[in-house]
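Student: I have a model open on my screen and would like to learn how to read its sheet and helices. Could you walk me through it?

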Amino acid sequence: MKVGTHRDTGAVITGVDYLKQRLSDVINTPLGSLVARREFGSRMYELTDRNIDRRFYMDAYVRLSEAINKVENGLDDFKLDEMSVSPEGNGQVSIDLMGTYLSNGKPITIEGIMLDV
């Protein structure tokens with residue numbers, strides 16, 4: 001099980017809480033934007049200013065699955081099965097992920113990862 005630091009409190013976090021934070025970091029970091037880690041992040045930023053329709057959902061799923069499967073993103077303890085995207089207004093969407101937490105082999109749902117579009 002991976003161990004990290006909570007971005008707001010500095011407390012040590014593990015398990016699903018840390019996985020959710022890492023997923024949020026990857027989703028909200030444009031690929032190539034970190035000088036020292038150009039391969040970290042996702043192509044979700046490419047969906048900015050797009051209509052939220054069937055094509056948006058498919059493109060979001062493709063970009064998210066690419067990001068989860070990139071070794072550089074450190075998400076090797078999560079296997080994505082399903083994703084849902086819900087418009088939240090104010091230029092944001094909420095992403096819910098369903099999959100398997102590979103540290104214990106159990107299915108999990110991670111809700112409410114926010115993305116600015």
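**Reading the sheet and its helices**

Tutor: Let's start with one pair: Ser 94 stands opposite Met 114 in strand S5. This is a predicted model, where local features need pLDDT of at least 70 and side-chain atom pairs count only at pLDDT 80 or more, while totals for chains, interfaces and linings use all residues. Residues are numbered from 1 along each chain as its sequence is written, and side-chain values use heavy atoms, leaving out hydrogens and water.

Student: How many bridges join S4 to S5?

Tutor: Strands of a sheet pair through backbone hydrogen bonds, either parallel or antiparallel. Here S4 and S5 run antiparallel, joined by nine bridges; two strands pair if DSSP finds at least two bridges between them. Strands (E, at least two residues) and helices (H or I, at least four) are DSSP runs, numbered from the N terminus.

Student: What is the strand order in the open sheet?

Tutor: The three strands are ordered S3-S4-S5, with antiparallel pairing. S3 and S5 stand at the edges with a single partner strand each, so one side of each has no neighbour in the sheet.

Student: Which strands does H1 touch as it packs on the sheet?

Tutor: H1 touches S3, S4 and S5, where contact means heavy atoms within 4.5 Å. H2 also packs on the sheet, touching S3 and S4.

Student: Which residues of H1 are buried?

Tutor: Buried means under 20% relative accessible area, with a 1.4 Å probe and protein chains only. Among the buried residues of H1 are Tyr 18, Leu 19, Leu 23, Val 26 and Ile 27. Their cover includes helix H2 (54–69) and strand S4 (92–101).

Definitions and conventions
Buried < 20%, exposed > 50% of the residue type's maximum accessible area, 1.4 Å probe, protein only. Axes fitted to C-alpha atoms, helices over the stretch in contact; angles between N-to-C directions.
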